[in-house]
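This report concerns charged side chains and their surroundings in a single model. Please examine the sequence and structure below before reading on.

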Amino acid sequence: MIKARITVTLKNGVLDPQGKAIEGACRNLGFEGLASVRQGKVFDVEIEGDDRDGAKVRLDAMCEKLLANTVIEDYSITLD
């Protein structure tokens, strides 16, 4: 079994209204010194088998087709 973590974040320069809302809420709750907040998403995936190279190819395809909007988002894959 191969475990992977996929992290999807907005590309630099893309506006992040949810991140701004979180940033404002944190300030309203008294959390000081916050420079900025960017929101993203994380997927923990388990793939059957032990072919790490094949798993990486499959995960890249999943990200390109479904998990990330590659026009405005970047993604990274970490295999455990």
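Asp60 counts as partly exposed because its relative accessibility is 23%. In this predicted model, the side chain of Asp60 meets that of Lys56 in a salt bridge, with 3.0 Å from N to O. Both residues belong to helix α2 (residues 52-67), where a spacing of 4 residues separates them by about one helical turn. Lys56 is likewise partly exposed, with a relative accessible area of 32%.

A search of the whole structure finds 5 salt bridges. Three of them are set out here.

| Pair | N to O distance |
|---|---|
| Asp44 and Arg5 | 2.7 Å |
| Lys56 and Asp60 | 3.0 Å |
| Lys20 and Glu23 | 3.8 Å |

The pair of Asp44 and Arg5 joins two strands: Asp44 lies in β2 and Arg5 in β1, so the salt bridge ties together parts that are 39 residues apart in sequence. Asp44 is exposed, at 56% relative accessibility, while Arg5 is partly exposed, with a relative accessible area of 42%.

Within helix α1, Lys20 and Glu23 are 3 residues apart and therefore separated by about one helical turn. An α-helix has 3.6 residues a turn, so residues three or four places apart point the same way. At 55% relative accessibility, Lys20 counts as exposed, whereas Glu23, at 7%, counts as buried. Lys20 and Glu23 also form part of a network of salt bridges that includes Arg27. As for the helix itself, the 12 residues of α1 should span 16 Å at 1.5 Å a residue, and the end C-alpha atoms are indeed 16 Å apart.

Which residues flank this helix in the loops on either side? Asp16 lies in the loop between β1 (2-10) and α1 (17-28), and Gly30 in the loop between α1 and β2 (40-47).

Asp16 is buried but has no salt bridge. The nearest side chain of opposite charge is that of Arg38, 4.3 Å away; this lies outside the 4 Å limit, which means that the pair does not count as a salt bridge. A polar atom of the Asp16 side chain instead lies 2.7 Å from the backbone nitrogen of Gln39. Leaving aside residues up to four places away in sequence, Asp16 touches Leu10, Val37, Arg38 and Gln39.

Gly30, just after α1, takes a positive phi of about 95 degrees. Its relative accessibility of 43% makes Gly30 partly exposed. Gly30 and Lys56 are 26 residues apart in sequence, and their C-alpha atoms are 42 Å apart in space.

Key:
Residues are numbered from 1 along each chain as its sequence is written. This is a predicted model: local features need pLDDT of at least 70, side-chain atom pairs count only at pLDDT 80 or more; totals for chains, interfaces and linings use all residues. Side-chain values use heavy atoms; hydrogens and water are left out. Buried means under 20% relative accessible area, exposed over 50%, partly exposed in between (1.4 Å probe, protein chains only). Lys and Arg count as positive and Asp and Glu as negative; His and the chain ends are not counted. A polar contact is a pair of N or O atoms within 3.5 Å; within protein, one must be able to donate a hydrogen and the other to accept it, and residues adjacent in sequence count only if both atoms are side-chain atoms. Contact means heavy atoms within 4.5 Å. The expected span of a helix is 1.5 Å times one less than its number of residues.
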